[in-house]
Amino acid sequence: MIVNLRDICAIAEQKNMAIASFNVPSLEATRAALDAAEETGYPVILSHAEGHDAFTPLDAMGPTMVALAERSSAMVCVHLDHCENLSYMRRALEMGFTGAMYDGSMEPYEVNIENSQRAADMCASFDCGLECELGSMGTRENGVGHENDHVSEAVYTDPEQADEFISETGLDILACSFGTVHGIYKGEPHLNFDVLTEIRKRNNVPLVMHGGSGVSDDDYRKAIDAGIRKINYYTYGVKYAGEAVQQVIADFKSKNAEANVYWHDMTMAAYQRLYEDFTSVIKVFANGADPVA
């Protein structure tokens with residue numbers, strides 16, 4: 001069943017857990033996320049990032065996500081991730097998305113506020129929950145390159161400014177920068193949980209962790225206890241799926257160097273690995289809370 005971003009994060013707030021938000025630019029990833037949610041009994045967020053449009057266009061993937069979410073027995077929010085253009089957001093809302101993120105983190109603060117307010121007005125007319133971002137992890141999340149190459153450009157979220165930003169924009173949940181990165185970590189993550197604690201002291205809004213892949217289970221728990229209610233997860237999942245596909249090809253070729261490796265062999269391997277990984281991730285993010293369904 002489809003639920004609103006506000007409602008799914010309210011559930012997470014009550015249970016002191018985080019909802020896994022999986023970017024799913026393929027049918028295999030979408031199926032894996034929904035099957036994992038149904039199996040574990042926890043809610044899930046299916047996300048489509050504007051930067052992933054080159055992988056699978058919104059016009060193709062969006063209606064698929066909505067249709068499968070409607071049929072699912074799990075609580076599912078269909079969410080637009082890292083949207084920088086409000087015209088793109090409008091298209092997603094008209095498809096039935098129930099969550100949307102306007103990402104103005106690369107813009108000057110005043111512009112970020114103005115466009116976030118416009119996004120809030122747009123989402124309100126569709127009863128869609130809104131996520132906005134303050135602070136920056138360096139560069140845009142677009143599926144190309146890694147944030148680790150731009151760590152020096154990262155800007156932690158200022159808790160005092162965040163309080164003003166929340167009040168001015170009318171957002172429902174806040175994505176903040178506290179030391180995570182998009183992409184593959186080249187070293188140990190160094191997270192500043194005080195950023196989260198200070199934001200929550202001023203405003204009890206649900207917080208979002210971007211760059212959630214590659215963080216230790218212990219740090220996930222610390223972040224959730226500090227107020228994180230939605231965690232974006234993508235890079236490591238598709239990395240593991242890619243490794244599973246490579247293994248399938250290697251297994252076929254080890255038996256017969258001339259063997260044909262068909263597309264469905266690869267997609268089945270990717271689905272199974274994504275399902276296993278997503279199931280594990282959902283359970284970690286549950287933070288010990290009982291299943292919802």
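"Buried" here means under 20% relative accessible area, "exposed" means over 50%, and "partly exposed" is in between (1.4 Å probe, protein chains only). Helices (H or I, at least four residues) and strands (E, at least two) are DSSP runs, numbered from the N terminus.

1. **What you're looking at.** This is a predicted model, in which local features need pLDDT of at least 70, side-chain atom pairs count only at pLDDT 80 or more, and totals for chains, interfaces and linings use all residues. Residues are numbered from 1 along each chain as its sequence is written, and side-chain values use heavy atoms, with hydrogens and water left out.

2. **Helix α7.** A good place to start is α7, residues 193–202, where F193, V195, L196, I199 and R200 are buried. Those residues lie on the same side of α7, because they cover an arc of only 155° around the axis (the arc is that of the directions from the helix axis to the C-beta atoms). Turn to the face away from that buried side and you'll find the exposed residues D194 and K201.

3. **Around α7.** What do the buried residues of α7 pack against? They meet α1, α6 (159–169), β6, β7 (207–209), α8 (217–225) and β8 (228–233), with contact meaning heavy atoms within 4.5 Å. At the start of α7, look for a side-chain oxygen of N192, which comes within 3.1 Å of the backbone nitrogen of D194. For such a polar contact, the rule is a pair of N or O atoms within 3.5 Å; within protein, one must be able to donate a hydrogen and the other to accept it, and residues adjacent in sequence count only if both atoms are side-chain atoms.

4. **Strand β5.** Is β5 (residues 129–134) enclosed or open? Six of its six residues are buried, so β5 is largely enclosed by the rest of the structure. G129, E131 and E133 point one way, while L130, C132 and L134 point the other. That fits a general pattern: in a regular strand the side chains alternate between the two faces of the sheet.

5. **Neighbours of β5.** β5 pairs in the parallel sense with β4 (residues 99–102) over four bridges; two strands pair if DSSP finds at least two bridges between them. A100 has L130 as its bridge partner in β5. Going from β4 to β5, the chain passes through helix α5 (residues 109–124) in a right-handed β-α-β crossover: with the strands pointing away from the viewer, the path from the first strand over the helix to the second runs clockwise. β5 also runs parallel to β6 (residues 173–176), joined by four bridges, and L134 stands opposite C176 there.

6. **N112.** Staying with α5, N112 lies in this helix and counts as buried, at 2% relative accessibility. The N112 side chain reaches the backbone oxygen of G104 at 3.4 Å. Leaving aside neighbours within four places in sequence, the contacts of N112 include E133 and L134.

7. **The nonpolar core.** A nonpolar core is a set of buried Ala, Val, Leu, Ile, Met, Phe, Trp, Tyr and Cys residues joined through side-chain atoms within 4.5 Å. The largest one has 92 residues, and F22, M89, L174, F178, L196 and I228 touch the most other members. Helix α10 (residues 263–285) gives the most to this core, with ten residues.

8. **A backbone detail.** N16 sits in the loop between α1 (5–15) and β1 (19–23), with a positive phi near 50°. Most residues other than glycine have a negative phi.
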